[in-house]
Each structure stands twice: as structure tokens, then as C-alpha cells.
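This briefing reviews selected local features of the structure shown below. The points are grouped by topic for reference alongside the coordinates.

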Amino acid sequence: MNTLFRALPSVDACLSALTRAITTKEDPLALAPRPLLRQSVTDFLDQKRESIREKDITEATLLTLESLLPSLIEETRRAVRPRLRRVLNATGVVIHTNMGRSVLAESALRAVQEAALGYCNLELDLTTGARGSRYSLVEHLLCTLSGAEAALVVNNNAAAVLLVLDTLCKGGEVIVSRGQLVEIGGSFRIPEVMEKSGATLREVGATNRTHLHDYENAITPETVALLRVHTSNYRVVGFHKEVTLPEMVELGRARNIPVIEDLGSGSLVDFTPYGLPGEPTVQAVVHGGADVVTFSGDKVLGGPQAGIIVGRRDLIQRIRKNPLNRALRCDKFTLAALEATLRHYLEPEQALQAVPTLRMMTANPEGLTRRARTLAARLRRSLGAAARITLRPDVSRVGGGSFPECDLPTTLVCVQPTDISATTLKQRLLDTTPPLLGRLEDQAFCLDVRTLDDAEFSMAQNALHQALAD
Ligand SMILES: *Cc1c(COP(=O)(O)O)cnc(C)c1O
């Protein structure tokens with residue numbers, strides 16, 4: 001056994017061999033910091049020692065640097081890659097929370113780069129040279145687009161809801177319909193957020209029906225707000241009623257109680273011309289008289305993770321001054337990306353092309369079929385006998401808890417591997433460079449081109465090639 005241990009190469013010999021194995025500037029071996037490479041080599045050699053002790057390796061010739069090199073290179077490349085990596089989303093779910101929700105527009109990416117590569121005027125008033133406010137950078141755009149008097153941006157919409165409730169409702173009672181006590185996922189539940197904020201929840205109505213008189217009867221001197229929560233991630237069908245925004249606004253105004261609406265997705269575009277159901281837009285809710293409206297930056301808006309609060313100037317002013325705001329504030333990258341994204345909305349037709357989330361959501365079915373044919377032809381050429389490639393009509397989903405149950409017609413490219421199961425293929429594709437995520441349908445691994453950019457076709461093709469060659 002000692003002979004075997006002695007046959008193992010030294011760490012330094014392995015490191016030199018790895019340096020010689022570097023193929024391109026982008027090779028993970030070239031990009032990794034030395035300590036990571038050294039750690040990976042140490043782990044690799046430790047594993048071999050373990051195999052020797054376990055008698056899995058009994059021949060010294062298997063332990064020379066030459067015999068170990070191919071697996072050393074492969075394992076080290078895998079071990080030293082950054083943990084957060086690009087993946088290809090061929091699932092057809094446009095706003096996929098597990099894959100980072102919205103893909104940024106080119107312009108947003110450039111704005112982030114500009115803000116990140118040097119110093120920027122994040123809190124610097126360039127007319128006076130004095131201290132400025134980070135929130136003023138996007139406030140004018142948000143007000144122009146939504147019609148609101150004032151706006152504020154925080155870390156995400158969960159933070160926005162918490163901050164609004166903490167500022168306006170702490171110690172008081174907030175009336176919410178039982179039909180709107182939603183859980184968003186990731187343990188964000190309206191009743192629990194309410195509890196955290198120190199406001200008391202006054203539930204009214206029933207799960208399926210709430211009437212205006214339910215709200216009226218629940219108002220007491222302790223009532224500080226009427227809260228509406230957009231039930232964005234599920235649908236109630238059948239015997240169902242919620243009070244409309246105008247009714248609620250009228251009641252709120254008569255009793256001098258603000259109406260707060262958590263819109264969730266918060267779109268600035270009406271998607272009905274694109275075959276999606278009519279969801280209230282931010283501007284419609286502001287115009288409808290809601291006093292404070294909150295929504296996400298990275299759902300249907302297609303921007304960076306952010307929580308956007310728009311509404312009445314006096315209320316936004318109070319929210320901004322809440323010390324909690326400091327703890328929930330967003331960073332310069334968010335503001336850079338958000339400003340660039342919002343600028344597209346000044347020309348909505350242009351936004352539909354420039355903002356990837358909007359482009360994917362509104363992609364027309366004929367265009368998708370054409371692109372699916374292109375991808376299928378390329379895969380047939382490159383995969384040959386390793387897989388059977390077919391097309392089939394199916395549907396995509398918006399995702400991110402937006403437009404639930406809404407089917408967007410699409411065409412899938414289905415890959416049926418010849419020698420392995422579709423499940424094995426799916427598993428192997430998690431480990432390709434980059435990983436490729438798709439759907440399993442009827443024993444085939446399927447790619448939905450809605451969420452795959454043309455520029456990603458060759459990467460998907462390579463990933464499949466790698467996975468089928470293994
Ligand atoms: C998604 C959602 C949230 C949480 O928004 P994040 O930006 O994910 O923090 C809150 N309320 C509703 C209604 C939502 O749909």
C-alpha cells in the first residue's frame with residue numbers, strides 16, 4: 001500500500017500539469033485563483049488515498065500523473081467554476097424565479113456596467129455638487145409612467161409591502177379580504193408580513209366572496225388602511241366576488257382611510273392585444289385612486305430585482321423617512337438597470353422588443369414555430385443518430401406568479417435520445433457548460449424556444465452534444 005501512496009504525484013506536479021492543460025483564456029483553469037486550484041488538487045489526491053485504503057485502486061500505474069491527468073483536469077475544472085453560473089432556460093417559463101426571473105435589456109446591462117466600472121452620482125446632485133437622493137434618479141420616470149405623484153424603490157416587493165405597512169399601519173388595524181390573504185412562495189404571506197410590521201389584520205368576507213359592506217362594517221377608529229392584494233399566483237373561479245377598486249376608493253375617501261394595493265407583478269403594459277388576460281396595469285390602479293401601490297421590478301416589468309412604491313406624495317414622504325427604509329434600500333446597480341428599463345416604457349412599442357421579458361411574453365406563435373424549425377434542423381445535423389428530433393405544439397407559461405393558468409401557444413423541439421432515457425439526458429444537461437434546462441414530456445426532453453434566444457441556439461446545441469456524448 002505504501003508503494004501505492006508513493007506513486008501519487010505531488011500537489012505541485014499536479015498544479016503544473018493543470019497550468020499546461022489550459023486551453024483558452026476562458027478556461028476555468030485559467031480563471032481560478034491559485035488557492036482554489038490547490039484546494040481542488042488536494043481534494044482530488046485525498047480521494048485517491050481513500051481509494052487506495054479502500055482497495056479500490058491496487059495498481060501503481062493507475063496513480064501516475066499521466067493516468068490521473070484526464071480526470072484531474074475534468075474534476076478541477078468542475079470544482080473551480082464560479083458557483084453562480086449562466087444557464088439556458090428552455091422551459092418556456094418566462095419569469096422563472098429559480099433562474100433569476102427577468103433577463104435584463106441590453107441597455108440595462110450597459111447602464112449597470114457604466115455605474116459599476118467607475119464612480120457614479122448615486123447620491124450626488126450634479127447641479128450643486130451637494131448630496132443628492134438616490135431615489136430621485138428614477139422617481140420622475142416612475143411618476144411619468146404611472147401617473148403617481150411620488151415614487152420610491154426598495155430591495156424587492158416583499159420589502160415594499162413591509163415598509164408601507166410598517167410606516168402607515170403600525171399599531172393600527174388594516175382591513176383585508178379573506179380572499180386576498182395570499183402566500184407568494186418563499187414564505188411570504190400577507191398575514192405574517194402584517195404581523196412583522198406591527199399592524200393588526202382585520203380579515204373580512206369569505207374566501208370566495210367579500211362585499212363592500214364587509215369593509216364598511218369592519219371600520220373602527222383604529223382602522224388605518226384598506227389593503228388590496230392582487231391574487232397574482234392563483235385564480236378563483238365560480239361563485240366569487242371581490243370589491244372593485246373604485247368602490248374601495250370611494251369608501252376610503254369618505255372615511256379618510258388610505259387604500260393600499262399590492263399589485264405583485266405590476267405591469268405598465270396592457271397585454272390583452274397579445275392574447276393574455278386583462279390584468280390591471282400600474283397606471284390604471286393609480287388612476288383608479290389607490291393611495292399607495294407596490295409592485296416588483298423583476299416580474300412582468302422585466303427589470304432588476306426591486307420593490308417599487310408609487311402613490312400620494314405625503315404618504316411616500318412618510319415611507320421614505322421611515323428608518324426601516326435605510327435597511328431595505330436598493331443599490332446603484334438596481335437603480336441603473338431600473339432606469340434603463342423604465343426608459344424603454346416611454347415608447348411601449350419599443351419596450352416590447354427591447355425588454356426580453358416583454359419580448360418573450362408577446363412572441364407570436366408563427367415566429368416561435370419558425371425558430372423551433374431552425375433549432376430542430378440544427379440539432380438533427382449536429383446530433384445525427386444520437387437522438388430523434390421532432391416538433392410539437394404546446395404551451396408556455398409566464399411564471400413568477402404572473403398570469404396563472406394562462407397558456408401561451410408555442411412549439412417545442414423534442415429530443416428523444418437513442419441510447420439513454422430522456423430523464424438521464426435531463427440530469428446530464430444540468431452539468432453541461434452551460435447547463436440546459438428544459439421539460440420532460442412523453443419520454444422526450446423538450447426545448448421551448450420562447451425562452452431561448454437565437455444567440456443561445458448554438459450553446460444549447462453544444463450542451464446536448466456534450467450530454468449525449470458522455
Ligand atoms: C411576487 C409578489 C410579492 C413579492 O415580490 P418580490 O419582488 O418577490 O419580493 C408580493 N406580493 C405579491 C402579490 C406578489 O405577487
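Between which two elements does the loop that holds Pro434 lie? In this predicted model, Pro434 is placed in the loop that runs between α19 (422-428) and β12 (436-437). The peptide bond leading from Thr433 into Pro434 is cis, its omega being near -10°. The points below cover the ligand site, backbone geometry, helix α11 and two further helix residues.

**Ligand site**

- The residues around the ligand are Arg101, Asn156, Asn157, Ala158, Ile184, Phe188, His230, Ser232, Asp262, Gly264, Ser296 and Lys299.
- Classified by type, this shell comprises six polar, three nonpolar and three charged residues.
- Two elements, α8 (157-168) and β7 (259-264), each contribute at least two residues to the shell around the ligand.
- Ser296 places a side-chain N or O atom 2.6 Å from an oxygen atom of the ligand.
- The backbone also takes part: an N or O atom of the Ala158 backbone is 2.8 Å from a ligand oxygen atom, and a polar backbone atom of Asn157 is 3.0 Å from an oxygen atom of the ligand.
- Of the 380 Å² of accessible area that the ligand has on its own, the protein covers 94%.

**Backbone geometry**

- Most residues other than glycine have a negative phi, and most peptide bonds are trans.
- Arg101, a residue other than glycine, has a positive phi near 55°.
- Arg101 is located in the loop between β2 (93-95) and α6 (106-117), and this residue also belongs to the ligand shell.
- Asn256 is likewise not a glycine, yet its phi is positive, at about 60°.
- The position of Asn256 is in the loop that connects α11 and β7, and this residue follows α11.
- Asn256 counts as exposed because its relative accessibility is 70%, above the 50% cut-off.

**Helix α11**

- In helix α11 (residues 245-255), the buried residues are Leu245, Met248, Val249, Leu251 and Gly252.
- These buried residues span an arc of only 165° around the axis and therefore lie on the same side of α11.
- An α-helix has 3.6 residues a turn, so residues three or four places apart point the same way.
- The other side of α11 carries the exposed residues Pro246, Glu250, Arg253 and Ala254.
- The cover over the buried residues of α11 includes two helices, α10 (212-218) and α12 (282-287), together with the strands β6 (223-229) and β7.
- β7 thus appears in two settings: as part of the cover of α11 and as a supplier of residues to the ligand shell.

**Two further helix residues**

- Thr76 is part of helix α5 (residues 65-80).
- With a relative accessible area of 1%, Thr76 is classed as buried, because the cut-off for that class is under 20%.
- Leaving aside residues up to four places away in sequence, Thr76 is in contact with Leu18, Leu29, Leu37 and Ser40.
- His140 sits in helix α7 (residues 136-146).
- The relative accessibility of His140 is 46%, so this residue counts as partly exposed.
- The C-alpha atoms of His140 and Ala150 are 8.0 Å apart in space, while the two residues are 10 residues apart in sequence.

Technical notes
Residues are numbered from 1 along each chain as its sequence is written. This is a predicted model: local features need pLDDT of at least 70, side-chain atom pairs count only at pLDDT 80 or more; totals for chains, interfaces and linings use all residues. Side-chain values use heavy atoms; hydrogens and water are left out. Helices (H or I, at least four residues) and strands (E, at least two) are DSSP runs, numbered from the N terminus. Buried means under 20% relative accessible area, exposed over 50%, partly exposed in between (1.4 Å probe, protein chains only). A residue is near a molecule or strand if one of its heavy atoms lies within 4 Å of it. A polar contact is a pair of N or O atoms within 3.5 Å; within protein, one must be able to donate a hydrogen and the other to accept it, and residues adjacent in sequence count only if both atoms are side-chain atoms. Accessible areas come from the Shrake-Rupley method with a 1.4 Å probe; for residues, only the protein chains shown count as cover. Ala, Val, Leu, Ile, Met, Phe, Trp, Tyr, Cys and Pro count as nonpolar, Asp, Glu, Lys and Arg as charged, and the others, Gly among them, as polar. Contact means heavy atoms within 4.5 Å. The arc is that of the directions from the helix axis to the C-beta atoms.
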